[in-house]
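Please open the structure in your viewer and keep the selection panel at hand. The tour below proceeds one selection at a time.

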Amino acid sequence: MNKITYREALNQAMAEEMTRDDRVFLMGEEVAEYNGAYKVSQGLLDKFGPKRVIDTPITELGFAGLGVGASMTGLRPVIEFMTWNFAILALDQIVNAAAKMKYMSGGQYSCPMVFRGAGGSAARVGAQHSQSLENWIANVPGLKVVMPSNPADAKGLLKASIRDNDTVIFIENEINYGDVGPVPEGEYIIPLGKADIKRVGSDVTIVAHSRMTGFALEAAKILAQQGIEAEVVDPRTIRPLDEETIVASVVKTNCAVVVEEGWRFAGIGAEISARIMERAFDDLDSPVIRVTGKDVPMPYAANLELMALPSVADIVEAARVACGRA
Amino acid sequence: MANRLAARFKGRHDSQQYFLVGVAMSAEQKSGITHEGDFYSEEALHEMHDSMLFIRRFEEKAGQLYGLKKIGGFCHLCNGQEAVCVGLNSAADAKDYMMTSYRDHGHILARGTDPTAVMAELLGRAGGVVKGKGGSMHMFDIEKNFAGGNGIVGEQVPIGLGFGFSSWYKEDGRVTVCIMGDGGINQGAVYESFNMAALWKLPIVFLVENNQYAMGTSLDRASAETQLYKRGISFKIPGIKIDGMDVLEFDKRMREAIEHARSGKGPMLVEANTYRYRGHSMSDPATYRTRAEVDEWRSGRDPIARLQNQMIAAGLSTEEAFKQKDKDIKKEVAAIAKAAEAQPEPDASELWTDIYSDPIEGAYPETGKVY
C-alpha cells in the first residue's frame with residue numbers, strides 16, 4: 001500500500017471521481033488557481049480545466065446555493081468550504097434547501113452533492129476559526145455527515161460521498177491534512193454509515209471521531225501499558241450513526257467513553273451516550289463518560305488553547321474511571 | 001378542459017389570422033407603451049385571458065377554503081399579479097427552468113401543472129403536487145421544470161444561480177427564470193448570486209415581482225433604491241422595468257429578456273411593477289395601505305379587465321362572452337376544489353419517505369423506537 005497524506009488521499013478521491021463522472025465538478029474559494037487553501041485540490045485545475053474546477057468569489061451562501069441548484073438538475077457538485085466556520089454563512093442553503101428539497105418536493109428533486117472542507121479546531125487561530133459544528137448539521141434529517149480520521153478513510157469515504165445520491169456533509173480536519181498513512185491503491189470505496197473498530201480491546205470502549213480518533217488511539221497505548229485494553233470505535237459517519245457497532249462494543253466491554261472535540265452541550269457525545277443508554281443499559285457497569293472540548297470560545301494563547309481541547313490524558317483518565325480502575 | 005393552462009399559448013405566432021392589438025388599443029390603455037408590429041393570434045389572446053382569470057378564481061377559492069380552515073398554515077395569494085405569471089409562461093420555453101418564493105400558486109398553474117394537484121396540495125391531500133408534504137409554499141413540478149415553491153425569502157435565488165450554472169455547464173440552451181419579490185431582493189444572497197451570474201455570464205433572468213409591499217413594509221420604507229431594475233448595475237447586469245399589469249407588454253418584454261440570456265450575453269434583471277390585491281398572507285388585514293390605493297390598482301389597472309377591454313375593442317369578444325367565461329371558470333374551479341377535497345390524506349407511511357435517496361439499511365428511519 002502507498003503511504004500518502006490525508007490531503008493527497010482527498011485529492012486522489014476527487015481526481016478519480018471527476019475522471020469517472022463528468023457531472024462532478026469542484027467549486028469553492030481558491031480551489032483552482034491557488035490549488036486550494038490547504039492544497040487539497042492541488043493540480044486539479046490543470047487536470048480538469050476551468051469549467052470543472054472553479055474559483056468563486058468569497059460568497060459562501062451564494063455558491064452553496066449554486067451547488068444545491070446544480071445538483072437538482074443532475075450535476076454532482078463538490079462544494080468546498082475553506083473551513084466549516086465559513087459554512088455558517090451558508091447554513092440556509094444546507095439546512096433549509098439541500099436537506100429538505102427531496103421531502104418538500106414529494107421526492108421529485110434531490111440534491112446529490114458534497115459540501116466539504118476543514119472542520120474542528122485548527123492551531124492558534126482563535127475562536128472564529130476553531131470549532132466543531134458537526135452536531136448542528138447532524139441534527140438535520142436529509143443530510144449525511146461524514147468525518148474521516150485517517151488518509152485511507154478520507155479517500156474511501158470521499159469517493160462514496162461523491163457517488164451518494166444524497167447531500168453529504170464531509171468534514172475534514174485541518175490538523176490532520178499532513179498526516180501520512182497507508183491507502184489502498186485503485187478503486188477504494190468505504191460505504192457510508194459504517195463505523196470502524198480502530199483498535200480491538202475488551203476492557204473499555206472509546207468512541208471517537210475525526211482528530212479525536214488519533215487521540216483515543218494514543219490513550220489506548222498508554223492504557224495498555226497500565227493493563228487496560230481499550231477498544232477504539234470510530235463512527236466515521238456521524239449521520240447515519242452505526243449504532244450497532246458501538247452497542248456491540250459496549251456489550252463486550254460493559255463501559256464506554258465518548259470523545260469529541262466540540263462543545264459538550266447537545267454534542268455528538270450526548271447523542272452517542274444516549275443511544276448506549278437506550279440500547280445497552282443492562283450491559284453497562286458504569287455511566288458513560290463524555291470527554292469534550294471545554295464550554296468556551298477557543299482562546300488564542302497556546303496554553304489556554306491546549307486547556308480548551310480534550311487531551312490524551314483526559315481520555316486515559318476517563319477510561320480508567322469508566323472501567324473502575326481509577 | 002382542466003389543463004387549459006398547459007396549452008402554453010402555442011398560437012401566438014402560428015395563426016394565419018393576426019390582430020394588431022396595438023392599433024385596437026386606446027392611448028390610455030397603452031400607457032405610453034406600443035405593441036407596434038407585435039401580433040397575437042385570437043387563440044393566444046383567449047389563452048392568456050382565460051389563464052389569468054383561472055388563476056384569479058383559483059386563488060379566490062383557495063382563500064375561501066382557508067377561511068373554512070380546510071387549508072392550513074400559510075397561504076399567500078397572488079390576486080392582481082396574474083399577468084406576470086401568464087406573461088412569463090407565454091415568453092418562456094417549456095424547457096426553461098423556473099423557481100420562485102412561497103407565493104407560487106399562480107406560477108405553477110401558469111406553468112401548466114394540473115390544477116387539481118395544486119388544490120389537493122393546498123388541502124394537504126395524497127394527490128397533491130408534492131404528495132401533501134409541502135403545502136402552499138412548496139409547490140414543485142419537475143416535469144414542468146418548476147423548482148419551487150421556496151419558503152425562505154430570497155433562498156431560491158442562489159438555487160436559480162445553480163440551475164443557470166448547470167445550463168452553462170451542460171450547454172443545454174435553457175434559460176432559468178428566477179423569481180423573487182421586492183422583499184426578496186434585499187437579501188444578501190441575491191447580490192452574491194447577481195455577482196456570480198454576471199461574472200460567468202450565466203443564462204438567467206432574475207425577475208422581481210414588485211408588488212409594492214414586502215409583507216407590510218412598503219418599498220420606500222425598505223429600499224434605498226426603489227427602482228429595483230437598477231439593482232444589478234454594479235454587477236453590470238442590464239435591467240428593465242415592465243408593467244406587470246399588462247400581460248401583452250409583459251410577454252413581449254420578457255421575451256426580449258429571455259432571448260438576451262439565451263444568446264449567451266449573461267443575466268438580465270427584470271422588474272415587474274405589479275400589485276397584490278390581498279394581504280401578504282391570510283392573516284394580514286393590510287392596514288398598512290389605504291383602501292383608495294388598492295382600488296386605484298384594482299379598478300384602474302387590473303390585468304384581466306385590461307386585456308378584456310383590448311379584446312373587446314379589437315372585436316375579438318364581448319362583455320357577455322367574458323361574463324359567461326367567468327361563470328364557466330368559476331364552475332370549473334369549484335369542481336376542481338371538490339375533486340381535490342374528495343381525495344384522502346397522505347398515507348401514514350409517507351411520513352418516512354423522500355428523506356434520502358440512498359437510505360442506509362438499519363440506520364433509517366431514525367424513529368428512536370428502541371423499546
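Which residue just after α10(B) takes a positive phi? Select B:Gly264: its phi is about 90° in this model, which is predicted rather than experimental.

**Stop 1: helix α10 of chain B**

Step back from B:Gly264 and select residues 247–262 of chain B, which form helix α10. The helix comprises 16 residues, and the distance from its first C-alpha to its last is 22 Å, close to the 22 Å expected at 1.5 Å a residue. Now colour its buried residues: B:Val247, B:Leu248, B:Glu249, B:Phe250, B:Asp251, B:Arg253, B:Met254, B:Ala257, B:Ile258 and B:Ala261. An α-helix has 3.6 residues a turn, so residues three or four places apart point the same way. With that spacing in mind, inspect B:Met254, B:Ala257, B:Ile258 and B:Ala261, which are among the buried residues of the helix.

What does α10(B) lie across? Add β6 (204–210), β9 and β10 (268–273) of chain B to the selection; the helix lies across these strands and runs at about 160° to β9(B).

**Stop 2: the open sheet of chain B**

Extend the selection to the whole sheet. Six strands of chain B make up this open sheet, in the order β4-β3-β5-β6-β10-β9, with parallel pairing. Its edge strands are β4 (146–149) and β9 (239–243) of chain B, each of which pairs on one side only. From one strand to the next, the twist averages 15°.

For a closer view of one pairing, select β3 (residues 97–100) and β5 (residues 176–181) of chain B, which are joined in the parallel sense over three bridges. Within this pair, B:Tyr97 is opposite B:Thr176 of β5(B).

**Stop 3: where chain B meets chain A**

Display both chains. Contacts between them involve 38 residues of chain B and 43 residues of chain A. On the side of chain B that touches chain A, the elements giving two or more residues are β4, α7 (156–170) and α8 (188–199) of chain B. Which element supplies the largest share of that side? Select α7(B), which contributes nine residues. Coloured by class, this side of chain B shows 19 nonpolar, 12 polar and seven charged residues.

Before leaving chain B, view it as a whole: it contains 13 helices and 10 strands, and 52% of its 371 residues are buried.

**Stop 4: chain A as a whole**

Hide chain B. Chain A has 13 helices and 14 strands, and its C-alpha atoms fill a box of roughly 60 × 45 × 40 Å along the principal axes. Its radius of gyration is 19 Å, which agrees with the value near 20 Å for a compact globule of 326 residues. Buried residues account for 61% of the chain. Of the contacts in chain A between residues at least 6 apart in sequence, 78% join residues at least 24 apart.

**Stop 5: strand β2 of chain A**

Finally, select residues 24–28 of chain A. Why is this strand, β2(A), described as largely enclosed by the rest of the structure? Five of its five residues are buried, so the description follows. In a regular strand the side chains alternate between the two faces of the sheet. Here A:Val24, A:Leu26 and A:Gly28 point one way, while A:Phe25 and A:Met27 point the other way.

Add the two neighbouring selections in turn. Strand β4 (residues 76–83) of chain A runs parallel to β2(A) and is joined to it by five bridges; there, A:Phe25 has A:Pro77 as its bridge partner. Strand β3 (residues 53–55) of chain A is also parallel to β2(A), with three bridges, and its A:Asp55 stands opposite A:Gly28.

Methods: Residues are numbered from 1 along each chain as its sequence is written. Chains are lettered from A and ligands numbered from 1 in the order in which they are written. This is a predicted model: local features need pLDDT of at least 70, side-chain atom pairs count only at pLDDT 80 or more; totals for chains, interfaces and linings use all residues. Two strands pair if DSSP finds at least two bridges between them. Helices (H or I, at least four residues) and strands (E, at least two) are DSSP runs, numbered from the N terminus. Axes are lines fitted to C-alpha atoms, for helices over the stretch in contact, and angles run from 0 to 180 degrees between N-to-C directions. Two residues are in contact if their C-beta atoms, placed from the backbone, lie within 7 Å. Ala, Val, Leu, Ile, Met, Phe, Trp, Tyr, Cys and Pro count as nonpolar, Asp, Glu, Lys and Arg as charged, and the others, Gly among them, as polar. The radius of gyration is taken over C-alpha atoms; the globule rule is 2.2 Å times the number of residues to the power 0.38. A residue is buried if 20 or more other C-beta atoms lie within 10 Å of its own, exposed if 12 or fewer, and partly exposed in between; C-beta atoms are placed from the backbone. The expected span of a helix is 1.5 Å times one less than its number of residues.
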